[in-house]
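Got your viewer open? Let's take a walk through this one, one selection at a time.

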Amino acid sequence: MSDHIVAEVSEIKDGERILVELKGREIGVFYLDGGYYAFANWCAHQGGPWCEGNLTGTFSGKFDRSTLEYRLDWVKEGRILNCPWHGWEYDIKTGICLSRRSVKLPAYPVRVEDGKIIVTL
Amino acid sequence: MSSERSLSLKKSTIIDVDVHLQIKPAEVAEYIEEPYRSIMTKSHIGNPLPDSGWDRSMAGKIERRQVQGPEDIHQKLCEEFHINHPIINAFGKLGKASMTKLAVSLMKGYNDLVLEKYLDGYDHFYGLISVATQDPEAAAEEIYRVGDEKQFVGVFMDNTGPNPPLGDPRYDVVYRAAEDKGLPISYHAYDSGFIVDFPRQNAALETFFSVHVLTHPYAHMLTMTSLFEHGVPEKFPGLKFIFLEGGVTWLPYMMYRLNKIHSIRRFDAPMLKKTPEEYIRDQFYVSTQPIGEPNNQDDMRKIMEVIGYDRMMFSSDYPHFDFDHPEGLEKFLRVNVPAKDRKRVLETNARGVYGI
Ligand code: FES
C-alpha cells in the first residue's frame, strides 16, 4: 500500500473526474458533493472502462399497494455512473451496481492533505 | 398398466397441477344468465369462443381421449394414473372471448360449475379460479367471491389473448386480490389463441406442429417479460407465479436473458430491486409437461439441476395429445435424482404453493 498524489483539489471540479495511472492501473478519481471517490477503471460486467461513463440520475419506482398507484421518480442526479459499454449503473458514492446489489466495485481510499488529493493503493 | 410398472407410482403421492375440463357450451350455459346463456347455446357458429381450427388429431391418427365429468377424472387420473390430487381448471378460453360481458359471465359460470360438479363431491380434487382478464375489476371481485372456498387453491389465467400483456398495471387489482386471498397465479396458453397474439405467424405457418411448438413458450415468455417490465413480483412479494404446459427447459433461457437485459436497461424496468433470476428462484414455478426430450437423457438432469427441483411441479395434461404419463416422469426422477427431490416435484412443491 502506498500513497499517490493524483491532483491538486483545484483540478477536479464538483461533478467531475480525472483518470490517472497508478501502479500500471487506470484509476478514476471523482469529486461529488464535497467527497472524493476513487475506483479502478474496470467494470464488473465485462471489464469496460466504466469510469469514463456518463454521470446521470436514475429512476426509482414506488408502488402504493392500497391505491395501486405506481410512480417513477428521477433521483440521485449526477451520482449514477453508466458504464459506456452496456450501461450497467453504479452509485458512485458506494460502488454498488443498481441492477445487481451483490456487485460492489472496490473503492480506494482518498484523502486531501495540503490541497492535494491522495489515493492509497 | 401392469402392476409391476405401477408399484413405484402407487407408493408416491402425486399432485397433477394441470388437469383440464372439457366443458361444452350448453353445459356452462346452465350456470350463466341471459342473454349470455342464449349466446352460448344458440350461436350460429357452434362455440362462440374463437378457435383457430388447427387439427390436433393428424386426420384421426391419434386416438381421441376425453375426460367427461368428475367420475371420469377420478377413474382415469386417480385410479389409472395414480394421481392423488388433480388440480382442475375449467380450461375456458376466456382471454379471447370477443364480448367482455360474455367473458365475465362465463367466468362466474365456470367457477360455479367447477365448484358444484367437481369439488363439492370429491374431497381429493382441487380447482383453480377462472378469471376474465378483459375486466380486471370483475376478475378481482370474482377472486374475493369464491376465494375462500377451501378447494379453490389458485387463480387460472389464459395468457394468449389478453392485451396488453399480463404485467400491465391494469391487472394489478387482480394480483392484489390473489395475494390477499393467498392464491397463486397459474398461466396457461392456448393454441387457438396463437391466432390472436401472433396472427401473422399463424397465417404463415403451415402446420399445427409449428403452432404448437411456439404457442406455449411464446405466451409464457411474453407474460414473464411483461411481469418483469412492470415489476409485478416486486409489487406483490407474497404472490407465486406458475407457468403451465410449457415444460421446464425454456426457463433458464429466459432467466438469464432477463438478467442480462435488465442489467443493461434497468432504466426500462426500475421497479425491480433484484435480478430477475432472484425473483424467479423465489416466486416462479413451471409445470413439467410437456417435458422436453433430449436425445441424451442426462441433459435433462443437468437442465433440471440448473432450474432447481424446488421450481418444478408435475403435470400430466391428460387427455391432450402431448400428455405426459406420470410413470415416465416418475421413472426419470427415480433414476436420476435423489428421493427428496423427486418428492418435491411430484408432491411437496405443489402442496406448498397451492396450500394443499
Ligand atoms: S462492461 Fe460495463 S456494462 Fe458491460
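Start by selecting Val110(A) and Val119(A): these two are bridge partners, with Val119(A) sitting in strand 10 of chain A. Keep in mind as you click around that this is a predicted model.

Now widen the selection to strand 9 (residues 110-113) and strand 10 of chain A, which run antiparallel and are joined by 4 bridges. The two make a hairpin with 2 residues between them, and Asp114(A) in that turn has a positive phi of about 50 degrees.

Next, add strand 1 (residues 3-8) of chain A. This strand also pairs with strand 10 in the antiparallel sense, over 5 bridges. Pick His4(A) and you'll find that its bridge partner in strand 10 is Val119(A). Is strand 10 of chain A enclosed or open? With 4 of its 5 residues (116-120) buried, strand 10 is largely enclosed by the rest of the structure.

Stay in chain A and select Lys93(A) and Asp33(A). They form a salt bridge, with the closest N and O atoms 2.8 Å apart. The pair links distant parts of the chain, 60 residues apart: Lys93(A) is in the loop between strand 7 (89-91) and strand 8 (107-108), and Asp33(A) is in the loop between strand 3 (25-32) and strand 4 (35-40). Color by accessibility if you like: Lys93(A) is partly exposed at 28% relative accessible area, while Asp33(A) counts as exposed at 55%.

Time to cross over to chain B. Select Arg65(A) and Glu179(B), another salt bridge, again with 2.8 Å between the closest N and O atoms. This pair goes from the loop between strand 5 (54-64) and strand 6 (69-82) of chain A to helix 7 of chain B. Arg65(A) is partly exposed, at 28%, but Glu179(B) is buried, at 16%. Then add Asp180(B), whose side chain meets that of Arg65(A) in a salt bridge too (2.9 Å, N to O).

Zoom out to the whole interface. How many salt bridges cross between chain B and chain A? There are 3, along with 9 residue pairs in polar contact. On the chain B side, helix 7 (172-180) and helix 12 (250-264) are the elements that give two or more residues. By class, that side has 7 nonpolar, 4 polar and 9 charged residues.

For a last selection, show the contact as a surface: 20 residues from chain B and 22 from chain A take part. Highlight Arg176(B), Ser263(B) and Arg266(B), which supply 31% of the area that chain B buries against chain A, more than any other three residues. Together the two chains bury about 1,900 Å², 53% of it on carbon and sulfur atoms.

How values were computed. Residues numbered from 1 in each chain as written. Chains lettered and ligands numbered in written order. Predicted model: local features only at pLDDT ≥ 70, side-chain atom pairs only at ≥ 80, totals over all residues. Heavy atoms only, no water. Contact = heavy atoms within 4.5 Å. Buried area = accessible area lost by both parts, 1.4 Å probe. Salt bridge = Lys/Arg side-chain N within 4 Å of Asp/Glu carboxyl O. Polar contact = N/O pair within 3.5 Å; in protein donor to acceptor, adjacent residues only side chain to side chain. Nonpolar A, V, L, I, M, F, W, Y, C, P; charged D, E, K, R; others polar. Buried < 20%, exposed > 50% of the residue type's maximum accessible area, 1.4 Å probe, protein only. Pairing = 2+ DSSP bridges.
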